[in-house]
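Dear colleague,

Please find below the structure that I am handing over to you. My notes on its salt bridges and on one pair of packed helices follow.

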Amino acid sequence: MRMTDIRHCEIRPGRLVEWTLDPAAAATAKSLPEDSRPPAYIQESHLRTSRSVREDGLFVPTWIGACFDFPDRVDLDVLQEALRAWTLRHETLRSGFTWAGPLGDELVRFTLDSEDVRLHREEIGDFTDETALAAHLQSRFDTVADALRWPNFIYAAVVRDDSTSVYMAFDHSNVDAYSLQKIPVALHELYDAAAAGRPLEQEPVASYVDFCQAERADADEIDESHDIVARWQEFIKNCEGQLPNFPVDLGLGSDGELPPQRALCEPLVDAEDAAAFEAHCRPYGGSLVGVLAATALIVHEIGGEPVFNTIVPFHTRATSRWSDSVGWYVGGAPVEIPLAQTRDFHGTLENARAALHANRRLARTPLERVLRLLGTDFRPTSPDLYSLVSFLDARDVPGSERWAELKFYGLIRVSYGDRVCVWVNRLHEGLWLACRYPDTDIAHKNLSLYATRLREVITSVARQG
């Protein structure tokens, strides 16, 4: 999946149509009984962070989304039927939270019945300029797919004579990148079935809301004496009492204000070099280990830090039951790669492999639970609690070989933040880089240098044999 911001996803003019949850259906949520299933720790942290940042006077959109094409002009009634059918399959999209309790700081879940889910369609009009269209979509997604409102998803279609582009945006609390990857094939199948007037035989999808309850129950079993808590405590101590940022100069001011962000999204290397890089790194654990090793070496070149500290996200879909479920199935593992005694790629590969081997299991326990046990006061002031380096191989996702043809992109919102998030995705076409970082001259210089050097290191490793 190529990840990018909405202004760089091949937007083309056309007639814009939007779908949101029908206002009457949304209104019924006010009288719904409490759903006893709690939020996941990652959901709760996300919502509390959003409220904290908003209370500080800054609106920071946190939605993620997807866009992809249908090869023809769609039938809007059929597309609406497909969108509703897809929405009904994923309970988390019709589940939300209210603030309750004496202090108004307790999150209480409610869940709309599936029979009450209806979509409202609105014909917005014709757009002849792609810049204006992108600005309109971003503004609408900011407003509707907002963490602090419900419902917090919106769908749109840009209809043309020869093709239709579908856009879908969700607050991050309900959807992760893995969820986005399954959408194009699912929508195409549902649309084709609805157009043919035939039912689509599908197995029921497990509910992320059920996962939230189960994961939280497991996380609440651990206490301060658990070795996972001790390992995180050691990692945070080694990061000078903080969760890590990217260890290069980002040009951040001392006033504490959250800076605007900038995105860097581009192909890294082609399929041939990606395959050779993977083959070279396979004895050490594969491309993820290779990307971490390359990143560690490069940021040491730029910033001089003797240890590269970062957090690596892993999905928490531990069994196949959750594989087709839409939700935020992500945990983070702390990674420390020492560099003081290592200057070459192979030595760093060994260190990266050892770091991942030691700590990958920590991703199964929500960090937010660990922080509570540590009593660490990380008052959230930025939507990203830490910097991360992510790697995802998408080639096994059904339909991924058609993503380029369908112009499929995963959409990230670039708004405000003082952290650096790096995503490297393996596609059939090669490796794709997406990065979100503070929009300062120094950060732009250093992250541009990082992207250039990452491409050089991967290419050099791929071709050295």
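I begin with a pair of residues within one helix. Arg51 and Glu55 both belong to helix H2, which covers residues 41–55, and they are four residues apart, about one turn of the helix. Please bear in mind throughout that this is a predicted model. The side chains of Arg51 and Glu55 form a salt bridge, with an N to O distance of 3.9 Å. The two partners fall into separate exposure classes: Arg51 has a relative accessible area of 23% and is therefore partly exposed, as this value lies between the limits of 20% and 50%. Glu55, with a relative accessible area of 58%, counts as exposed because the value is over 50%.

In total, the structure contains 34 salt bridges. As general background, side chains of opposite charge can pair when their charged atoms come close. Two further pairs may be of interest to you.

One of these connects Arg436 with Asp384, at 2.9 Å from N to O. This pair links distant parts of the chain, its members being 52 residues apart. Arg436 lies in strand E15 (residues 430–438), whereas Asp384 is found in the loop between helix H12 (367–374) and strand E12 (388–393). Both Arg436 and Asp384 are buried.

There is also a network: Asp35, Arg37, Glu91 and Asp210 are joined by salt bridges that share partners. Within this group, Arg37 pairs with Asp35, and their closest N and O atoms are 2.7 Å apart. Arg37 and Asp35 are each buried.

I turn now to the helices. Two packed helices are described by the angle between their axes and the distance between the axes. For helix H10 (residues 287–303) and helix H14 (residues 441–463), the axes come within 10 Å and cross at roughly 135 degrees. H10 and H14 are therefore classed as oblique to each other, and the crossing of H10 past H14 is right-handed.

Which residues make the contact between H10 and H14? On the H10 side they are Ala294, Thr295, Ile298, Glu301 and Ile302. H14 contributes Asn446, Leu449, Tyr450, Arg453, Leu454 and Val457. Sorted by class, this contact comprises seven nonpolar, two polar and two charged residues.

With kind regards

Note on methods
Residues numbered from 1 in each chain as written. Predicted model: local features only at pLDDT ≥ 70, side-chain atom pairs only at ≥ 80, totals over all residues. Heavy atoms only, no water. Salt bridge = Lys/Arg side-chain N within 4 Å of Asp/Glu carboxyl O. Buried < 20%, exposed > 50% of the residue type's maximum accessible area, 1.4 Å probe, protein only. Helix = DSSP H or I, 4+ residues; strand = E, 2+ residues; numbered from the N terminus. Axes fitted to C-alpha atoms, helices over the stretch in contact; angles between N-to-C directions. Parallel < 35°, antiparallel > 145°, perpendicular 65-115°, else oblique. Left-handed = near helix turned anticlockwise from the far one by under 90°. Contact = heavy atoms within 4.5 Å. Nonpolar A, V, L, I, M, F, W, Y, C, P; charged D, E, K, R; others polar.
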